[in-house]
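Let's take a walk through a protein together. Have the sequence and the 3D view ready, and look for each part as it comes up.

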Amino acid sequence: MTKRRLERDLEDQRDLLEELSPDERLEVFLKAAADNRDDWLEALWETCPKHRYRMVDQAFTERNRVAIQVRQHAVYELHTTLLEFQKKRQRQYLQWVIDFNRDEDPDEETEAEASERAEQLQLFFGELYTVYHGYRQFSEEELGVALETWLGSYLNGDTVAMAVAETLEDTHMKRLATENLNPSDTEPDDEEWITLDDVATIRYEAHVEMWDDALDGL
């Protein structure tokens, strides 16, 4: 048997196709595909050896794979957001020391800059809060484990989670960040009042949608 003989009259050589090695089968298959010989392609598929394999349950392995991928992104997002918040908080403190030790009272521009820094710090605190609690809710309700448990299997993941949780214990900053979400003419008792937890739930729902899409059909 030669590949040349098969190529010359493949339709009449179906009884020989089962003897092809995988490399030979691939070579003939590629040539048949290039020549648009659908009959050759069909014969090659039909005569290809069939095997049965045992493998770990796909429904589990895919869930594990997606959980690992999302976990890596969660640790990265939490860590970078935490570092950005810490950097802005340190800058605000250093600038406050500089302004406090000036001989003259701060002018309007200095006060405006201080107000803008404070607002940016509140925005990043709110971002850190909603990122953390969005992932926390996803971990607890979809994966069935605490956030530290899920992230703990990634290098320093549990350390990052605990550092963020400790930072978020600042109730004063949480109140300011919440107020920053809402127009100045609204109050906490108003129906349209938005909380950081409301935003975190939106993030959680986005994680669930992504999770469901990734596992659709399993």
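Before we start, one term: a nonpolar core is a set of buried Ala, Val, Leu, Ile, Met, Phe, Trp, Tyr and Cys residues joined through side-chain atoms within 4.5 Å. Buried, in turn, means under 20% relative accessible area. Keep in mind, too, that this is a predicted model.

Now for the overall picture. The protein has 10 helices and 0 strands, so to read the elements from the N terminus on, you just say α-α-α-α-α-α-α-α-α-α. Of its 218 residues, 30% count as buried. The accessible surface comes to about 14,800 Å², and carbon and sulfur atoms hold 49% of that. If you take the contacts with a separation of 6 or more, 65% of them are between residues 24 or more positions apart.

Which residues touch the most other members of the largest nonpolar core? That core has 30 residues, and the best connected are Leu-78, Tyr-135, Phe-138, Trp-150, Leu-151, Val-164 and Leu-168. Helix 5, helix 6, helix 7 (147-152), helix 8 (157-167), helix 9 (171-181) and helix 10 each give two or more residues to this core. Apart from it lies another core of 5 residues, including Leu-17, Leu-20, Val-28 and Leu-44.

Let's zoom in on Val-164. Leaving out residues up to four places away in sequence, Val-164 touches Leu-78, Leu-82, Leu-128 and Tyr-132. Val-164 is also one of the buried residues of helix 8, along with Gly-157, Val-160, Ala-161 and Thr-167. Look down the axis of helix 8 and these buried residues fall within an arc of 125°, so they line one face of the helix.

Over in helix 5 (residues 58-100) you'll find Leu-83. With a relative accessibility of 43%, Leu-83 counts as partly exposed. Its C-alpha atom is 9.9 Å from that of Leu-128, although the two residues are 45 apart along the chain.

Next up, the aromatic rings. A pair of aromatic rings is described by the distance of the centres and the angle of the planes. Searching the whole structure turns up 5 aromatic pairs. In one of them, Phe-29 and Trp-45 have ring centres 5.7 Å apart and planes at 85°; an angle over 60 degrees counts as edge-to-face, so that is what we call this pair. Phe-29 sits in helix 3 (residues 22-34) and Trp-45 in helix 4 (residues 38-47), so the pair links parts of the chain 16 residues apart. Are these two buried or exposed? Phe-29 is partly exposed, with a relative accessible area of 23%, while Trp-45 counts as exposed at 57%.

Another edge-to-face pair is Phe-138 with Trp-211, at 5.7 Å centre to centre and 75° between the planes. Phe-138 lies in helix 6 (residues 108-143) and Trp-211 in helix 10 (residues 196-214), so this pair ties together parts that are 73 residues apart in sequence. Here both Phe-138 and Trp-211 are buried. They also belong to one aromatic cluster with Tyr-135 and Trp-150.

Follow Trp-211 and you are on helix 10. Its 19 residues should span 27 Å at 1.5 Å a residue, and its end C-alpha atoms are indeed 27 Å apart. The buried residues here are Leu-196, Ala-200, Tyr-204, His-207, Val-208 and Trp-211. Seen down the axis of helix 10, they stay within an arc of 115°, so they line one face of the helix. On the other side of helix 10, Ile-202, Glu-209 and Asp-213 are exposed.

Helix 6 also holds Gln-137. Gln-137 counts as buried because its relative accessibility is 14%, under the 20% cut-off. Not counting residues up to four places away in sequence, Gln-137 touches Glu-142, Thr-201 and Tyr-204.

Finally, check two loops. Asn-36 is in the loop between helix 3 and helix 4, and it has a positive phi of about 55° although it is not a glycine. At 64% relative accessibility, Asn-36 counts as exposed. Asn-156, in the loop between helix 7 and helix 8, is not a glycine either, yet has a positive phi of about 65°. Asn-156 counts as partly exposed, at 47% relative accessibility.

Definitions and conventions: Residues are numbered from 1 along each chain as its sequence is written. This is a predicted model: local features need pLDDT of at least 70, side-chain atom pairs count only at pLDDT 80 or more; totals for chains, interfaces and linings use all residues. Side-chain values use heavy atoms; hydrogens and water are left out. Rings of Phe, Tyr and Trp (its six-membered ring) pair if their centres lie within 6.5 Å; planes under 30 degrees apart count as stacked, over 60 as edge-to-face and the rest as tilted. Helices (H or I, at least four residues) and strands (E, at least two) are DSSP runs, numbered from the N terminus. Buried means under 20% relative accessible area, exposed over 50%, partly exposed in between (1.4 Å probe, protein chains only). The expected span of a helix is 1.5 Å times one less than its number of residues. The arc is that of the directions from the helix axis to the C-beta atoms. Contact means heavy atoms within 4.5 Å. Accessible areas come from the Shrake-Rupley method with a 1.4 Å probe; for residues, only the protein chains shown count as cover.
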